[in-house]
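Here are my notes on this one, in the order I'd go through them with the model open. They're informal, so skip around as you like.

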Amino acid sequence: MSIENREFFLKILRKEINDRKIPISLGKTCPVKCSFCYEQDISYRQTFDMPLTTQEDWEFIFREIQAVPTRETESWILGGNEYMEWTDLALHPKALDWIEEFLEKTDKKITIFSVGYFDPKRINRLAEKYPGRINFELSVIALGPYRQQLMPKGPSIDQVLKVLDGPAVASANFYSLGPGTMSEDAKTISKINQNCLLWMGCLTPLKYIDEKTTTLMRRGKQFLPDESQKVYDMNLPNTQMIHTESDITAFLNRNKIIKTFDACELDKKDWVVMAGNVYRVLNMFRRGRARFLYVPNETLGGDSDCTTLLTFSDVAKRITHQKVVHLPRVIMEKSSNDERDISGVSFDDFKDRFPQVRFKVLNRVNSKLSNKKLYEKGYLKNYVEDYLRHPLSKKFERVAHPN
Ligand code: SF4
């Protein structure tokens with residue numbers, strides 16, 4: 001969608017700012033073209049074509065940000081806009097100047113997502129000058145032979161390692177893609193930087209990811225247990241997390257899921273919406289206590305299997321004769337202001353499509369709870385000790401989704 005006039009353009013910027021985003025734009029789609037990029041196909045959500053951010057635009061953005069009172073717990077996001085396409089904003093020629101201005105003239109914190117194009121010396125200098133204000137999440141992805149396949153236009157390994165060598169990077173994410181991938185990268189990164197959090201796992205193929213990349217991602221998942229065990233045995237000093245697989249997260253948090261389900265006090269005839277990860281848990285531990293309306297993640301497709309990422313369109317496809325349907329709050333929490341799913345569809349519009357159905361929202365099943373649990377049980381140690389070595393995890397993996 002194009003921007004018709006300045007007023008509309010400013011309105012989009014304000015909406016982003018309201019969600020605590022720093023809405024800088026490269027004025028085009030992301031030039032890095034990573035083959036694994038979940039933003040390659042943005043047809044599932046509405047975005048607006050924004051022009052390259054000019055100095056004048058920045059002055060407007062910055063004034064608006066400055067007018068927002070600082071909250072200790074809040075961090076402003078650079079690289080995760082809601083209404084604009086995701087791009088690597090480190091590629092904006094003025095990005096570091098504006099980050100510096102933000103740090104100098106406000107007391108706010110900033111969270112930066114990037115594959116690492118920043119000038120290593122300058123970003124590390126800024127982190128030294130403003131300790132505790134920059135949370136830089138570096139997407140390393142892979143340092144080994146698959147890097148070329150996944151990010152042919154990504155920064156060089158040498159550049160990434162230089163960025164890592166200093167206080168700027170708070171976390172580095174990279175993935176299992178087969179034997180000797182994630183474990184080798186963990187060793188390399190830890191040698192350079194013992195303070196950054198190692199965020200590992202595997203990549204989940206979605207429906208628009210090409211075949212070659214999908215095969216590589218699935219191979220990564222197959223070797224995740226071996227690779228994780230290797231990293232576990234290395235006993236690295238870095239904090240090590242692994243949380244990209246929704247099934248694993250659901251299993252590790254099964255007690256909380258069961259407790260929350262029980263607290264909802266559903267009747268065994270009630271229909272309750274869930275994706276595959278929660279279905280597996282409830283099918284194992286609460287079968288027959290309600291009617292599970294299993295909803296596949298069709299919007300994202302591929303191997304996605306996560307209740308948090310369901311859309312109203314996914315739910316709509318599964319409604320047949322139900323009169324009352326219970327919906328987890330988590331699927332309508334895209335933004336803080338109104339009830340919308342990840343694709344931007346509002347709960348009201350969805351309800352209008354089904355005048356014969358009464359929808360009840362399970363408020364206890366919210367994103368605050370799911371995020372908290374994701375982090376709490378998201379350590380590599382949890383995965384190895386409480387998942388891989390747990391006798392029930394194999395049985396859990398065998399629970400088939402219904403048709
Ligand atoms: S740099 Fe980020 S936004 Fe750009 S293609 Fe790669 S993953 Fe996607």
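1. At what angle do helix α11 (residues 254–263) and helix α12 (residues 276–285) pack, and how far apart are their axes? This is a predicted model, so read every value here as computed from it. The angle comes out at about 75°, and the axes are 10 Å apart. Angles from 65 to 115 degrees count as roughly perpendicular, and α11 and α12 are therefore roughly perpendicular to each other.

2. Now the residues in that crossing. On the α11 side you have Arg254, Ile257, Ile258 and Phe261, and they meet Val278, Val281, Leu282 and Phe285 of α12. By class, this contact of α11 with α12 has 7 nonpolar residues, no polar ones and 1 charged.

3. Compare that with another helix pair, α3 (residues 95–105) and α4 (residues 120–129). Their axes come within 11 Å and cross at roughly 5°. With angles under 35 degrees counted as roughly parallel, α3 and α4 are therefore roughly parallel to each other. Leu96, Ile99, Glu100 and Leu103 in α3 meet Arg122, Ile123 and Leu126 in α4. The class split for this contact is 5 nonpolar, no polar and 2 charged.

4. Stepping back to the whole chain: the protein is divided into domain 1 (6–245) and domain 2 (249–369). The C-alpha centres of domain 1 and domain 2 are 29 Å apart. Each side puts residues into the contact, 13 from domain 1 and 13 from domain 2. What classes of residue does domain 1 show on the side that touches domain 2? There are 4 nonpolar, 4 polar and 5 charged residues on that side.

5. On to the sheets. One is an open sheet of 6 strands in the order β1-β2-β3-β4-β5-β6, with parallel pairing. Why is one side of β1 (75–78) and of β6 (240–242) left without a neighbour in the sheet? Both stand at the edges and each has a single partner strand, so one side of each has no neighbour there. On average, neighbouring strands of this sheet are turned by 20° against each other, direction ignored.

6. You can walk across the middle of that sheet by its bridges. Strand β2 (residues 109–114) pairs with strand β3 (residues 134–141) in the parallel sense over 5 bridges, and Ile110 stands opposite Ile134 in β3. From β3, 5 bridges lead to strand β4 (residues 169–174), again running parallel. Ser139 has Asn173 in β4 as its bridge partner. Next, β4 and strand β5 (residues 197–200) pair in the parallel sense over 3 bridges. Here Asn173 turns up again, with Trp199 in β5 as its bridge partner.

7. The other sheet to look at is open too: 4 strands in the order β8-β7-β9-β10, with parallel pairing. Its edges are β8 (291–294) and β10, each with a single partner strand, so one side of each is left without a neighbour in the sheet. Neighbouring strands of this sheet are turned by 35° against each other on average, ignoring direction. Helix α12 comes back into the picture at this point: α12 packs on the sheet, touching β7 and β8, and its direction makes about 155° with that of β8.

8. Which strands does β9 bridge to? Strand β7 (residues 271–274) pairs with strand β9 (residues 324–328) in the parallel sense over 2 bridges, with Val272 opposite His326 in β9. Strand β10 (residues 358–362) is joined to β9 by 5 bridges, and these two run parallel as well. In that pair, Leu327 stands opposite Val361 in β10.

9. Last, the ligand. Which residues are around the ligand? Cys30, Val32, Lys33, Cys34, Cys37, Glu39, Trp86, Thr87, Asp88 and Val115 are. By class, this shell divides into 6 nonpolar, 1 polar and 3 charged residues.

Technical notes
Residues numbered from 1 in each chain as written. Predicted model: local features only at pLDDT ≥ 70, side-chain atom pairs only at ≥ 80, totals over all residues. Near = placed C-beta within 6 Å. Nonpolar A, V, L, I, M, F, W, Y, C, P; charged D, E, K, R; others polar. Axes fitted to C-alpha atoms, helices over the stretch in contact; angles between N-to-C directions. Parallel < 35°, antiparallel > 145°, perpendicular 65-115°, else oblique. Contact = placed C-beta atoms within 7 Å. Domains from an automatic or database assignment. Pairing = 2+ DSSP bridges.
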